[in-house]
Amino acid sequence: MRFGRLTRAPRRVLILFLTVTLIPVAALVWLSSSLLQQDRELEVQRLRDRLDRAAELVVSNLARRLAETAERFDVQRDPPGDAVIVEFSPRGIDAKPRLIYYPETPLPANLRQEAFAEGDELEYRQMNFPAAIAAFRTLSRSRDSGMRAAALARLAANYKKNGQREDALSVYKELEKLGPLSLSDGTPADLFALQAQCSILKEMGHQSDLLQLAQALNADFEKGRWMLDRGTHGLYFEEARRMFPPEAQPRAPSPESIAFAESVQWLRNEWKETPRDRSVDARWRSLWAGDRPILAVWRVSNGKFTALAAGARYVESQWGKAWKDEGVNIALSDLEGHEVFGYPTPPGTLTVVRKATDTSLPWTIRISRANPGADSAEFLQRRRLLWAGLGLMALLTVLGGYFTMRAAAREFAVARLQSDFVSAVSHEFRTPLTALRHMTELLSNDAVLSEGRRRDYYSVMARETERLHRLVEGLLAFGRMEARRSEYSFETMDPVELTQTAIADFHTASHRVELTTNGVLPRTTTIRANREAISRALRNLLENAVKYSPNSSVVDVHLARDGNRLAIRIHDDGVGIPAEEQKIIFDKFVRGSASKALNVPGTGIGLAMTQHIVHAHGGSIVLESAPGRGTTFTIQLPVTAS
């Protein structure tokens, strides 16, 4: 029964609900939040302590591995990838692998310039190229390699000026064979010869030979074949871009190669400021060369300045074990704040910092857990258990409060409905009893002298007595139905005859009941039913139709067969039933709003009894109604097999 639709819970029920439900739930939430906050603070402190211990180990391991690396690297051995080893000595610079350019170039050959005076006079002043060729040819046979290289360069230039390009190419090839011997301006002889050959081949239109030679020259540039300073390297590179065909254009130096070359420049300046007469222990520093971070490690021993320039990949490959074994990620930044190396740290991740000034390392180190989710798994598990317990307790509290409120509301609703029922039943009994008492007094006092009037009184008393009998029988029958003690004996009968009898037994002076049947309803259609029960159900519906249609004088009863079911429809043109009341109209003790508006007497058990009877017969009852458009009740009963 939907008591909540009949009445609102009193204020004390709501207060009871708030007391029983919301206050305990609020207390549970507050206590759980406090426990979670304390547990979270303890968890953060535990993780911070663990990170501090890991940070000390990482710093110690990095310092140890850095010192070991400084003592171990040697220019005679090729370093791992992403690193360069360089050695500065009075003899010059040695680097492995070779650089794209160097801080300085080898010293040029120390030549006697007067040996070339005659040839230069013939070439530049007299423009006598054949005579100059003869003079430089003699010098090109010198046993002094520097003298020979300078003479060959001048000889080839005069051949070119004299239009003898093939002879010039031959001399440049001979000059190329002398290798990286420095000319008077410090340019390597073979590089000068190759560049000159390319120029001549371009002038002669020998594209295939030019392309082949350009590709070889570019490959030598990339391998760092020549020890060029930055200016010379840039000059030859731009000359190659201008002179070579598009398919042979040299590739620009990579950012990594530029960074290593610039870091060696910084190391050379450091070497210049370092005393040569004593050894210096290993030192290190993080540089920002080009647009790349470079770690510089160096030492001085026996007048040699040996250094390692390493990139970020070298740091991870050589020393990554120092932090990976501790289960942490690190981020390194130099003294200027440049990011050197590191793993991305999600926002909110716990980190600890060790500054370079405190660790003697070349970086400031930020350390975080590599798998923070695993570290906090225990805390998350405790939190889930706590929230699950809180949710369960809150659910039980809310359910307890709800059912408590529901039970209280039900009791209040039942009490009110019972009060209404008792009042209605008392009224139903009072009316016939008052009439019976009045007439009995008149008859017993011989106040009625006419025999006709006496018979009328006896007739009224009989009707009122029958009315009381039906009311009592209805209440007793409903009581048996509620207790589920009603037992019906079924018999096969004609539904038309049953309905006609029920209508005939229903006496009303204000309404006319009209019975119609579907034209296709077979006369052999029968049902198995209890005559008294079905008659009571029909009488209840007819009484309702009469009570709630004061402005209409006709009640229609229609029989029709719908498949294997018989439909008995009782329709009136009364006030109708609102939609919100149709859902509860079959509940016991329920009377609609129209009963109060029309002052209709009743007990509120007629429709509940009717529904019980129909269901006991294996049927169903359907309501169709709308305010102001009347009401139709349809009883659907199964027909017997024919």
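Contact here means heavy atoms within 4.5 Å, and on that basis helix H9 (residues 255-272) lies across strand S1 (83-89), S3, S4 and S5. The model is predicted, and this briefing covers an open sheet of 5 strands, the helices H9 and H10 that pack on the sheet, and the crossing of helices H17 and H20.

**The sheet**
- The 5 strands follow the order S2-S1-S5-S4-S3, with antiparallel pairing, and the twist from one strand to the next averages 20 degrees.
- At the edges stand strand S2 (92-96) and strand S3 (280-289), each of which pairs on one side only.
- Strand S4 (residues 292-301) and strand S5 (residues 304-310) run antiparallel and are joined by 7 bridges, with Leu 295 standing opposite Ala 310 in S5.

**Helices on the sheet**
- Helix H9 runs at about 35 degrees to S4.
- Helix H10 (residues 312-319), which packs on the sheet and touches S1, S4 and S5, has a direction that makes about 65 degrees with that of S4.

**The crossing of H17 and H20**
- The axes of helix H17 (residues 531-547) and helix H20 (residues 606-616) come within 9 Å and cross at roughly 145 degrees, and this crossing is left-handed.
- On the H17 side the contact is made by Ala 533, Ile 534, Arg 536, Ala 537, Asn 540, Leu 541 and Asn 544, while H20 contributes Gly 606, Leu 607, Met 609, Thr 610 and Ile 613.
- Taken by character, the residues of this contact divide into 7 nonpolar, 4 polar and 1 charged.

Methods: Residues numbered from 1 in each chain as written. Predicted model: local features only at pLDDT ≥ 70, side-chain atom pairs only at ≥ 80, totals over all residues. Heavy atoms only, no water. Axes fitted to C-alpha atoms, helices over the stretch in contact; angles between N-to-C directions. Helix = DSSP H or I, 4+ residues; strand = E, 2+ residues; numbered from the N terminus. Left-handed = near helix turned anticlockwise from the far one by under 90°. Nonpolar A, V, L, I, M, F, W, Y, C, P; charged D, E, K, R; others polar. Pairing = 2+ DSSP bridges.
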